[in-house]
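Please open the model in your viewer, with residue selection and distance tools at hand. The tour below proceeds by selections, each followed by a description of what is found there.

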Amino acid sequence: MSEARDRDEAAPPAVPDQWVEVAGTRVRYTEHTGPQGGPTFVLVHGLGGALTNWDSLAPLLATYGRVLALDLGGFGLTKVDPKKASVAHNQKLLSGFLRALDLRQVVLVGNSMGGLLTAMEAAAEPDSVRAVVLVDPVLPQHPRQRPHPMVLAVFGLYLVPPIGRRLIDGRAKRLTPEELTKQTFALVVAHLSKVPRWLIDRHVELARDRMTDDTGTATPSFLAAARSVVLTGLRAPSYQRLLGGLTQPVLLLHGDKDKLVSVKAARAAAQRHPSWTYAEGHDLGHCPMFEDPEWVRDQIVGWLGAQGLLPDEAERARRAG
């Protein structure tokens, strides 16, 4: 585990936005080039997130391979009809994104809802996914593994769209983009002091962009996605079968201070799937790449090396690191 981060550390250079059309939807993505012959990483954010969520981790992984991150439908700057912001539609969008850019045998890395989508994509299109990395993913909940009370209450309100919309829109009116962003970060990390200031600033800028969006689709898209995440997670038997049927190597990473998905659920998943590799981040929350991207990088790259999935040049970079 690395030392506590300096909140005023210098930001890595931003990479330009790129766009690709997927089934009539303009999808925003970014790309970091990597060494020739290295793996291709595709990073999939969670509910309410955006490709910006990976801005700390992506440059670290780019030492070993090509790295792409995308905005899912209804999030970041990828706009869709809210009806197409559900988990099922976003799995199809992710699959279309891989095809549109001719991305094959990728290392698919998903956080939270993105972990659910990663598992769904790996099951639906096994030839497109070489390895699966689940970072604090949505997981089936055991009856005795109840979520954080605040999370339970808020998601209960999200399931009733009119109430959920009033809740979200009311917060947007009361709070500045800075306040909204910091409240969100406080929910998904164990220690806000570990998050570099530049990363918070980038999320504040995105929040401003979304708050000035005149299409009115941001809140309905979020609610549609939230509802589908909850309903998918509640279908434990079918989701368990999907996870158990994955044919790719799987790495499960989980912060032990996750407020959204209990670490007990991750430990139970690791026990149910002994072929998976499991690593637990000490004193980390739901988005460990915010607090300690080096730990996340080390776990992913070390695991790929142990699996024999790093080509020679990338493996030399891992050993040198």
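Begin by selecting strand 4, residues 66-70, of which 4 of the 5 residues are buried, so this strand is largely enclosed by the rest of the structure; buried means under 20% relative accessible area, exposed over 50% and partly exposed in between, with a 1.4 Å probe and protein chains only. This is a predicted model, in which local features need pLDDT of at least 70 and side-chain atom pairs count only at pLDDT 80 or more, whereas totals for chains, interfaces and linings use all residues. Residues are numbered from 1 along each chain as its sequence is written, and side-chain values use heavy atoms, with hydrogens and water left out. Helices (H or I, at least four residues) and strands (E, at least two) are DSSP runs, numbered from the N terminus.

Keep strand 4 displayed and add strand 2, residues 25-32, which pairs with strand 4 in the antiparallel sense over 4 bridges; two strands pair if DSSP finds at least two bridges between them. Within this pairing, Glu31 has Leu68 in strand 4 as its bridge partner. Next add strand 3, residues 40-44, whose pairing with strand 4 is in the parallel sense and runs over 5 bridges. Here Ala69 in strand 4 stands opposite Leu43.

Now move to Thr78, in the loop between strand 4 and helix 2 (87-100). Is this residue, Thr78, buried or exposed? Thr78 is buried, with a relative accessible area of 1%. A distance label between the C-alpha atoms of Thr78 and Val27 should read 5.1 Å, although the two residues are 51 residues apart along the chain. Leaving aside neighbours within four places in sequence, Thr78 is in contact (heavy atoms within 4.5 Å) with Thr25, Arg26, Val27, Arg28, Asp71, Leu72 and Gly73.

Follow the chain onward and select helix 2 together with helix 3, residues 113-124, which pack at an angle of about 65° with their axes 9 Å apart. Axes are lines fitted to C-alpha atoms, for helices over the stretch in contact, and angles run from 0 to 180 degrees between N-to-C directions. Helix 2 contributes Val87, Ala88, Asn90, Gln91, Leu94, Ser95 and Leu98 to the contact, and helix 3 contributes Met113, Leu116, Leu117, Met120, Glu121 and Ala124. These contact residues divide into 9 nonpolar, 3 polar and 1 charged, where Ala, Val, Leu, Ile, Met, Phe, Trp, Tyr, Cys and Pro count as nonpolar, Asp, Glu, Lys and Arg as charged, and the others, Gly among them, as polar.

For a second helix pair, select helix 6 (residues 177-188) and helix 7 (residues 197-211), whose axes come within 9 Å and cross at roughly 120°. On this side, Pro177, Glu178, Leu180, Thr181, Lys182 and Phe185 in helix 6 meet Leu199, Ile200, His203, Val204, Ala207, Arg208 and Met211 in helix 7. The residues of this contact divide into 8 nonpolar, 2 polar and 3 charged.

As a last local stop, pick Arg297 in helix 12, residues 293-306. Arg297 is buried, with a relative accessible area of 16%, and touches Leu57, Leu60, Leu61 and Tyr64, not counting residues up to four places away in sequence.

Finally, return to the whole chain, whose secondary structure comes to 13 helices and 8 strands. Of its 321 residues, 54% count as buried.
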